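Biologist: I'm new to this one, so could you take me through the terms as we go?
Modeller: Sure, have a look at it here.

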Amino acid sequence: MSEVKIFSGTNSQSLALKVAKNYGKKLGDLTLSKFSDGELSPSFDESIRGCTVFLVQSTTPPSDNLLELCLMIDAAKRASAYKVCAVIPYFGYARQDRKDRPRVSIAAKAIANMITSAGADRIMTCDLHAGQIQGFFDIPLDHLNGSAIFVPYLNSLRLPDMIFASPDVGGVARARAYAKHFEVEMVVCDKHRKRANEIASMQVIGDVEGKDVILVDDLVDTAGTLCKAAEMVMEKGANSVRAIATHGVLSGKAYENIENSVLEELVITDTIFPKQQSSKIRVLTVADLFAKAIHAVTGNTSISSLFI
């Protein structure tokens, strides 16, 4: 078996350090140089010839971090790495997975082509916005699930009347999976948008009176939808409301929206490291989940045990 080496892009240093430690390796040495005009130039500071290389990089903000990842993949292939696996805890552009109106790009497919063309042999990611994005890649893809992180935490809360809610119709399957695991009911917050990041109307489908509601989503951007859904379920008589979301994009007025909301807490993971602290935001780590997945991949064993 070839030697395993783990490296990090500039956007995921904190997570990559924890992944490497949990795996039992020291994070590899890599230098990213920048020309005065912003041109990137990554270089490995140690030999990776014949090694299985894992490159950890979340792609948000997407432009520079995505290009950096592609250049790291190319550098690794040219340095004679045996295999190169792109570990992308948060896959940027995943929301653009289809043509929902005329004359737009299917950006998720274009990005998949870019990463594959750069020379990646394998992809490892977590909670894609849409599961079908796995089919955009013609190389193996390990799609990890944040439920392995959230379920133990929710168990620790010991909520007496727990119920799960999807903040939009698109997330019903995600909320239903949690409801099925905990053997409880679920509701849906049906929303209509005027445009991106702006909600025109919303209604709650289902009964939440007296319940401890858990809103389930894959990512939180401006938190507008999440905060509106939380407000609506409280108006419908819920006892409490909190939210879980794997990826804390948290752009625009997200922190302000969350602080001013009726949410008791928002639980996210460190696939994207928060830009600032908030009394209502709790961060759980996915480091052990990815470390176990890397062990399974390099040892040619199943990753089924990582799913709940």
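What follows is a chat about domains, hollow spaces, a helix pair and two backbone details.

Modeller: Two notes on the source: this is a predicted model, where local features need pLDDT of at least 70 and side-chain atom pairs count only at pLDDT 80 or more, while totals for chains, interfaces and linings use all residues. Numbering runs from 1 along each chain as its sequence is written, and side-chain values use heavy atoms, with hydrogens and water left out.

Biologist: What makes up the domains of the protein chain?
Modeller: The assignment gives domain 1 (4–144) and domain 2 (147–284); such bounds come from an automatic or database domain assignment. Their centres, taken over C-alpha atoms, are 28 Å apart. Twelve residues of domain 1 are in contact with eleven of domain 2, contact meaning heavy atoms within 4.5 Å.

Biologist: Why is the largest cavity said to lie between the domains?
Modeller: Domain 1 and domain 2 both give residues to its lining, so the cavity lies between them. A cavity is a set of points, on a 1 Å grid over the protein atoms alone, where a 1.4 Å probe fits but cannot get out, and lining residues have an atom within 4 Å of a point. Among the lining residues are Y90, F91, D127, H129, D218 and H247. Strand 6 (122–126) and strand 11 (212–220) each supply at least two; strands are DSSP runs of E, at least two residues, and helices are runs of H or I, at least four, numbered from the N terminus.

Biologist: What is the volume of the largest cavity?
Modeller: About 40 Å³, where volume is the space filled by probe spheres set on the points, and points are joined across faces, edges and corners. The structure holds one cavity of 30 Å³ or more.

Biologist: What makes a space a pocket instead?
Modeller: A pocket is an open set with protein on both sides within 12 Å along at least five of seven lines. The second largest pocket holds about 360 Å³. Of its 24 lining residues, D127, N145, R174, A177 and Y178 are closest to the centre. Helix 5 (172–182) gives the largest share of that lining, five residues. Each of domain 1 and domain 2 adds at least three residues to this pocket's lining.

Biologist: How do you know that helix 2 and helix 3 are roughly parallel?
Modeller: The axes of helix 2 (residues 62–78) and helix 3 (residues 107–118) come within 8 Å and cross at roughly 25 degrees. Axes are lines fitted to C-alpha atoms, for helices over the stretch in contact, with angles from 0 to 180 degrees between N-to-C directions. Angles under 35 degrees count as roughly parallel, over 145 as roughly antiparallel, 65 to 115 as roughly perpendicular and the rest as oblique. Helix 2 and helix 3 are therefore roughly parallel. Their contact includes L66, L69 and I73 of helix 2 and I111, M114 and I115 of helix 3.

Biologist: What makes R103 and the bond from T60 to P61 worth a look?
Modeller: Most residues other than glycine have a negative phi, and most peptide bonds are trans. R103 has a positive phi of about 60 degrees although it is not a glycine. The bond from T60 to P61 is cis, with omega near -5 degrees. P61 sits in the loop between strand 4 (52–56) and helix 2, while R103 is in the loop between strand 5 (83–88) and helix 3.
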